[in-house]
Every structure is written in structure tokens, then in C-alpha cells.
Amino acid sequence: MRVIITMLLVAAVAPAEAPPERTAPAVNQVEVWRQVGQQPYEFTWTQREEDPRTLTGFENLEGWRLEMYDGAEGQLRRSREQQMWGQYVAKFVFSGKRAESRVVARPPKPIPIPGAFDSIDLWGYGNRWSWVPDKTTPPADVSILVSDARGKEFKIQLTDVRWKQWWLIHRRVPSDIRQQIVLPASFTGIEIAKVSNTEPRYFYCDSLAFYTEEMKPLVFQPQPKRNLKPYRGQIAGLNTGEGTLPFPTREETILPANFERNFSTRVREASPKSFEFRYAGADATIVYQYRPVRGGLGEITASVNGGAPFHPLEGGGVRFTDTKDGQVAQGELVSATLNGDAVTARFRFGARMADYQLQLWRKSLVLDAWCDSGDAIELSFGHVSGVKNPKLISVPYITYGGSAIPRVLMAGSAEKPVFASIWFDWYRTNASQPWTSTDPKVTADTAEINGGMRYTPKTDGLRNHLYERIFVTVSPNYEETLPTIANPPSLRQEEGKQVVWTVTAPETFPADHKRSLLIRSYGLDKIMQHSHEVTWRDEGDSNTLKLHAAPQKGGDAMLKWYIEAQNGMGWLQGVYSNYTDFCTVNSNWNPDHVQRMPDGEWRRAWPRNYALKPSKAVEFDEYYAKRIKEKFGVKMSYTDVHSAVAPWTYCDFDARVPGAGTLAATFYAYGQLLLNDQRVYGPTQSEATYQWLYAGLASGHYGWVYTKLNLLTHPLDVAFELRKIHPLDAEYGMGYTHYYLDQIDPNWRQSPKRREYVDLFLATTIGYGNMGWLVNDFGLDNEFGIEAMTRSYYMMQQLQQQYAFVPPRRIEYADATGRFLTPSQAHAGGAIAGSRLHVVYENGAEVFVNRSPSTPWSVKDDSGKTVELPVSGWLAFHSANGFYEISGSPDGRRIDYVKSPAYEFLDGRGEWVERGRLGASGSAVLRQKGAGILEIMDLYGNKRLAFAGGEGVLFAYDAEGKALGKVDTRSPRAGWREFDTLAGARTYVFAR
């Protein structure tokens, strides 16, 4: 309180604001020669009307003035260039010399605000997209100025400019400002600050409103039940309706796998109020002990194979609103009993009670925690203590967001490592969010590996009751500490595994189809492509929750034509879908559909959008998906964002919504939505980062993760991806080609090493068992662009079908001597840094990937022949169907070769090479088109081509399939034909 009082006193005695350097009257005359703008076209669909609470619509700026400070220049005028409500809007034109430059528009006199208010709305027309770099247009701040009954002026910042076209800017007045304002109050101005743009920039605004929000009751459709037996205290949210969701697939939910089948577990009360949980197997003996006294989780110890006990949850426990920061509450034991295989303990923390239940499932100690007091703010996991040589493992594809990455602990010696993990059960939690340190501390005998679960108040000020299930796992096997994803596998496995993914953002649909035809002319017929959000918008109009395509691109008729034309090439063409970003000009706009922050503020999303309630998202998806499918005939969907935002960052705290304040409500809603899109559209991809939650509920995701781990340089730690995600869905590439490469080399597209970068991208994709991503970043008008694109297609399209959705039988790494090690041994001894990976899949397919940054690796193929894999090289084979692929140096220099049931592909990388039934300097592909008929496609870099074909006749065709005539061939040796390529020819057909 002392600090707050001091701050208020400082503010009260602060010197008066310096007068403006210049003041100019507003220009009320309209520039009649300027073109008159148009109100957002979506408003006409619903005959939307202006907010009746509008205080000023800027229809008349007579007497207004613009104040300019700290080198700012500007003009305020009435305008019709853009239209919103009425006939006129206010237009600011401003520039400045420094970050302190600002302009303030003031009415002739303060405009009284009727009554109390907690919210401000202003329609604003911005000047920049935040994601487009533009140093000439920095993000200026827009604020509203309000004076209270004492004449004291308050500045309420609305936003910084990060959008174009019209957006309804909403700001809930901060509570500390509301408490200071003495009513009645008046509107006294609009400030645009941080005006450091030296060239003039514009900002339009209309319809300023002050009001108190009415939080009326909301109505939602009940959704299918969660596929779990209701457990004490679990909040079901809206999942109380008919039917049952198909996830999770088991009551044990995320319980890690146990590789050993010959084991037993036992729980006993070793002495009064001291309990022992023992796992005994051929692989290990694990003992957990629990001695409850004060209710802290540090009362649990663990030991492996008779080693010294350590504390996996030291310092953990329940935190209450009155518990000091960095500590957990200390209580007194009320009871502790063994009931069957479960130990239950009850503790009293003053007037509060908390209950724990502990069970042993395989090697995991499963802890359930309850506290119904309503003021438990956290279940802390503490830290691991009492271990030797602790190190942290960041598991690729598991993250809480950004730098917040829960870790797996590795301790002990290289010969006898011990691994430990702590995971929360995201299928059961009542929490608002998990947390973990972004900079976990490690000492000689302690380590932070995960943080805990937080409970944040809803808009009514109340917290949900605490209920959590936590899995604590210690094992000598790293892979046994990884959580299981209890989702069903993708509904679209067959379609998904055959296609290579690409994305387009068409300026026009005819131009994009022309581009697609060019790509298709290289034989790239198994492509899945979605047109991005510009399918639905031209600029600042809404990009989702609509059935009408972008008007300036030709509207519905043109989109129908485009989809039909694209699918006619044999591609799976889809469109963009998104039920997270809610645009204020959308015909469905309703503030009650917006997620609420704990303070009642509307949650902002992608620029010009607010975050749509997950509870409404499932309803809108149910309505729109089937109608989009029926109307446009799409064959896939890109359902953006849902798996790129954590359920806890899009947790709706609106107390009017069942399940408010629980991350689980968002998780179940988005999971249900993604499954629905699979059923309706076909393969349904999402954006990724949280595919560890949604694997299988979507058909697949980009192969990236938005963390600071660059997966192109991070050790190739594939156990979680291959064992948990890979059997359920299909990740594509490593996301966009540029995402990780930009972090390595911003100029990678022009770099002399660009071929190596493509190799690195493909090798990493294959190591993680991902599907193909079409590398078309270099353009279609140059030889290397064609080389990279065709290589990325032909080296992936058949290979991915060898391992797609197939669990690994064995994952191993080669050390410096060539000896193969398990992932546990590779982590413990450091060999994983070499990233020389060998995976044997359950169907017999084998993959070798050399992700060493500098050293070649010699391996043996299925015939026993030694093959050298250079840096970012790979070898794959599947003896059952004759598949063979290499990107390596079988004869002293690097080539790319695929032999598969569908085609043979060969790339000599600039030097003549013969392999299988092909000879080429650049790349070429050969297909058997029928009895006695071969198709040879010249992809790039060939003056001559050779093939095994015997006697026959060869004809040439251009990229559009037009016949170019007969081509002479010669026989370099028995059974082979050779010919010189023709200018303009793309395909050659040989008939015996």
C-alpha cells in the first residue's frame, strides 16, 4: 500500500504538461475530389447498425483542434475517403521526428460521458500490418483522454496500430484508473503517440462509445461427454450432452509406456504412516516412498536399482492466496491410509483441507490432488533434489510455449543413467495453465524440470477448485519417461501419407492455377495444397466464419472454378479454416462470442481480431464446415491456429461459460472441432507447436514447433515424435522451409550453401519421420528452383509411405566408433550430439540419417553393401516391397536415387551417373505406364538421358502435353537407350 500511495502523491504533485508546440484547427471541409470509401461489405449482409451508445461519430469537426508535441506535424480533418457510420469519419495525418512525438485531437469543449463506464469502443482504420516489416510506419499508440469532475485528465491507451482497414477497438478501462475517476467524466481528446514516422501516415476513426458492459447470461449447445469416467471434482464444462468424444482413448490417459513386460508392482505400509511403492522387473527395480507429515510433495522419494533415494518433487505442494511467493503451504496430517493399491492422505491447512491419492502404475507414481477451498492458486512441482550429475533434456515437440519447455532429467553416470519426468494430465486438469521456468536452475545435485499448475480467477473473481493428476516417472530408460498421447489415430491416414504438402496465398485464382499446372507438369501429381486466408479476404475483411470468397478475387464463382480445376489435376485442394480469430466486421460479430481475460477484457488475437470463445468455435465449425464442403467441393482443410495456441493461452475466463477458467475446456473444444473437420473435409492439417496435445485429432501439422529450439541444428532426438506423435498423425516437413533456415542464415535462399540447406531440411524431415514439404522457395523460373522442388517431392512422396503412421521397432544412434546405442545410452554418453540415427519401423522399413554437422557416416544397406552418407545424407529401404532410396555417396560422390513401386528418380547433381534404370546429369524420373510403355521426365539439368528400355520408339511432349515429335535414340550398350533432350520438351514416352 505504501508504494501505491507514494505513486499517487507523485502523480498529484507532478508538474503540469508542457503546452503544445503548435495547434491547428480541424479541417471540416471535405476534399470533394477524393473518391468516397465504402462501408465494410459484410455489414450489408446483416444490415448492421451503429452502436446506440455512441458519444461522437465525428460527423462535424467544427471547432476541433489538433495539438502537436515534440516535433510532431499533423492534420485533423473530416473525411469520406473511408466509410463506417453516417457520412463522415475523422482522419488524422501525422508525422514526427522522435519517439516522443505525438498529436492530440480535442473537441471544442469536453463532451460529457453519461453515467459510469468500464469500457471504451472506437472504430479505427489502421495503416500497417504488424507482421509486414515496414520501418517507415512504426506502430503508433492510440489513446483516449478523459477528464473527471475535478478536471483531472486520464490517458487510456486503446492499442498500438497493427492492422489495416476497419477494426472495432475495445478497451476495458483498467480498474486502477476507474477507481481514480471522480464522476461525472468527459471525453477530452484522442492522442496518437510514438509518432516517429518521418513521412505522413493516416489513421481514421469513427463511433466512439463509453459504456458499462452488461454481462447477460449466455446459452451454449451441450457437447458430447469426455471419454473418461467422472472423477471427483473434475469440471466437465459443456461436455455434458449426448454421445461421447473418442478421446482420450483410455482411462490411463498419458501414462508413459513400459517396455518391459515381465514386471510386478506392490504397494505396502512399510511402517506407520510410511508407504512403499515398488516396481520390480527384469529391467529395473524402482521404489517410491511416501512419508506424509506436512502436505508438501517433498515427502516423496524415489530410488532406482538400489541407488540413493532422491526427491523428485522437493519443495512442491499446494500454494494458497496467502502463501508466500516461492513457497508452498505447510499443514498437518489428518489421516493417511492404504486402501487396496492406493494411498490416501488428508491434510489441514488452517481452515482448508487438501487430499492426495498415490498409486503405482508401471514405473509411474500417479498423484491425484484435490483442494476445494477455492483459494488454491497453484500445485507446484518443486524441483528434483539429491541426484548426481543432473542434466536437462529438452524434448523436441513438447513445449508450454516460447522458452517455457518442461524437461526430462538425466542424472547418474553414463553407464548407469537415471531419467525422471513430471507431466500433468491434460485430459483431467481443472487448472488454468501449466507453467515451467524459462531458465531452469541446475546445481550439483538439484534441477528444475517442470513448474506446476496455476489457477487463475474467472471474471467473477472466483477460482475453480483444484484437481490435478500428475505422473511422476523415474526409469533407467529415457523413452519410458515420455507421456503418451491418448488420442485416436488420424481418420485420414491413407490420403495423408500419399501427398506432399504445400500452401499458396493466391493474388488471383487463375494465376495460381497456372502456377499449379506448371508444378504439375513436372509429374508432381500427389500434392495437397490449401489456399491460405486470402481465399476469404482481400485485405482487412474477415477471413473465416463465412461462406463467401474474397469479392475482388471473383467471389464464390471463381473459388468454385479454382477448386474444381485444382482437384482436376489429381491434387487434394483445400481452403483455409479458422475458429479462433473473430473479426469485428464479420457478419457473425457479437461481443458475447469473445473470450474474456480474468479482468473481463476481450482477448485479442491476430491483428484486427479477437479470440473466439472455444465454446462457440465448435458450434460455428459444425455449421460452416459441411456448408463449405458442399458449396466448394474442397478435399482437405487447413484449420489454422488451433494447434498453434496453447489451450491455456486461449482459456476463456468468462464466468458465464461452463468450464470457464479451465484449459481443458479449450482443449476438448478444439480437439472436437479438428475431428469434425477430418470427417467433413478429408485430411485436416493445423499449424503446430501443440501437436503433442492434438496428434490424431488433426490429420497432421506443420513439422515445426514455435520454441527457441532450432530442430535443424538441435540433436536429432526423435523418440517422442516417433513413438507418440508419429503413429497418430502426419507432420509435414519441418514446417515452412524458411522457418528454421532463417534462424541459421537469413540469406539462405541466395547462399552458395543453399543446396546443403535443402539437404539439411530434408534429412531432418526424414529423421523425425515426417511427411514431405514441397520446397518451392527458389521460384519456378530458374534451374535450382526446379532442382530443389522436384528433389523435395520425389525423395519424399514414396519414402514417406514406407513409414507413415508406423511405430518404430527400434531407435538407435551410432557413436564415434560406429557402435549402436539406445536413445538412453546416446543421451547419457553424449553420442546423440552426433545425430547419426538408425530407425527400424515395425513393418520392416529402415532409415539411416546422418545429421552430423561435419562427419560422414558409413552404413550398410539391405544387401550388405557399405554406403557412405555425407553430412545431411540418408539411406532408406524396405525389403518387403523393394523400396530403396539414397541421398549419399555410394560411388564416391553424392547422388539422389529412389527405386519404388511408383517411379525411379535419379539426380546426378551436375555430373553423369547411372543408377537402376536411369542415367542423368541433372534429375529425371522414370515411370512404367503400362506393358512396354515407359515415361521419362526431364526435370532439370540434362543434355542427354539414358534408360534401360531395349528397342522401341521415343516421342517428346512439352510441359502442356503437346506432341513435339519423334526423338532419335541410340544404344550405348545392350538393353539401354540414350537420347539428347529437346528444347522445350518435358516428357518422353517410349513404346516397345
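## A loop residue

Where is the place of Ala-931? In this predicted model, Ala-931 sits in the loop that lies between strand β54, covering residues 923–930, and strand β55, covering residues 933–940. Ala-931 counts as exposed, because its relative accessibility is 81% and the cut-off for that word is over 50%.

A second alanine, Ala-991, is 60 residues away from Ala-931 in sequence, and the C-alpha atoms of these two residues are 8.8 Å apart in space.

## Two buried parallel strands

Strand β33, which is made of residues 500–504, is mostly covered, since five of its five residues are buried. The cover extends to both faces of β33: Val-500, Thr-502 and Thr-504 are buried on one side, and Trp-501 and Val-503 are buried on the other.

The partner of β33 is strand β34, residues 527–531, and the two strands run parallel and are joined by five bridges. Two positions help to follow this pairing by eye: Val-500 has Ile-527 of β34 as its bridge partner, while Val-503 stands opposite His-530 in β34.

Strand β34 is likewise largely enclosed by the rest of the structure, because five of its five residues are buried. From β34, Ile-527, Gln-529 and Ser-531 point one way, whereas Met-528 and His-530 point the other way, and all of them are buried.

## A three-stranded open sheet

Elsewhere in the model there is an open sheet of three strands, arranged in the order β18-β25-β30, in which the pairing is antiparallel. Its edge strands are β18, residues 311–314, and β30, residues 446–447, and each of these pairs on one side only.

Strand β18 is joined by two bridges to strand β25, residues 383–385, and these two strands run antiparallel. Within this part of the sheet, Glu-314 stands opposite His-383 in β25.

## Two neighbouring helices

The axes of helix α7, residues 614–632, and helix α8, residues 663–681, come within 9 Å and cross at roughly 5°. That angle makes α7 roughly parallel to α8, because angles under 35 degrees are counted in this way.

Several residues from each helix take part in the contact: those in α7 include Pro-614, Val-618, Tyr-624 and Ile-628, and those they meet in α8 include Ala-669, Tyr-670, Leu-673 and Val-680. Charged residues are also found there, among them Asp-621 and Lys-629 in α7. Sorted by class, the contact of α7 with α8 has eleven nonpolar, three polar and five charged residues.

## Cysteines without disulfides

How many disulfides does the structure hold? The structure holds zero disulfides, and two of its cysteines can be used to look at this result in detail. The sulfur of Cys-205 has its closest cysteine sulfur in Cys-583, at 18 Å, which is too far for a bond, because a disulfide needs the two sulfur atoms to be within 2.5 Å. Cys-371 is in no disulfide either, and the nearest cysteine sulfur, which belongs to Cys-651, is 19 Å away.

Are these two cysteines buried or exposed? Cys-205 is buried, because its relative accessible area is 0%, and Cys-371 is also buried, because its relative accessible area is 1%. The cut-off that supports this step is that buried means under 20% relative accessible area.

Technical notes
Residues are numbered from 1 along each chain as its sequence is written. This is a predicted model: local features need pLDDT of at least 70, side-chain atom pairs count only at pLDDT 80 or more; totals for chains, interfaces and linings use all residues. Side-chain values use heavy atoms; hydrogens and water are left out. Two strands pair if DSSP finds at least two bridges between them. Helices (H or I, at least four residues) and strands (E, at least two) are DSSP runs, numbered from the N terminus. Buried means under 20% relative accessible area, exposed over 50%, partly exposed in between (1.4 Å probe, protein chains only). Axes are lines fitted to C-alpha atoms, for helices over the stretch in contact, and angles run from 0 to 180 degrees between N-to-C directions. Angles under 35 degrees count as roughly parallel, over 145 as roughly antiparallel, 65 to 115 as roughly perpendicular and the rest as oblique. Contact means heavy atoms within 4.5 Å.
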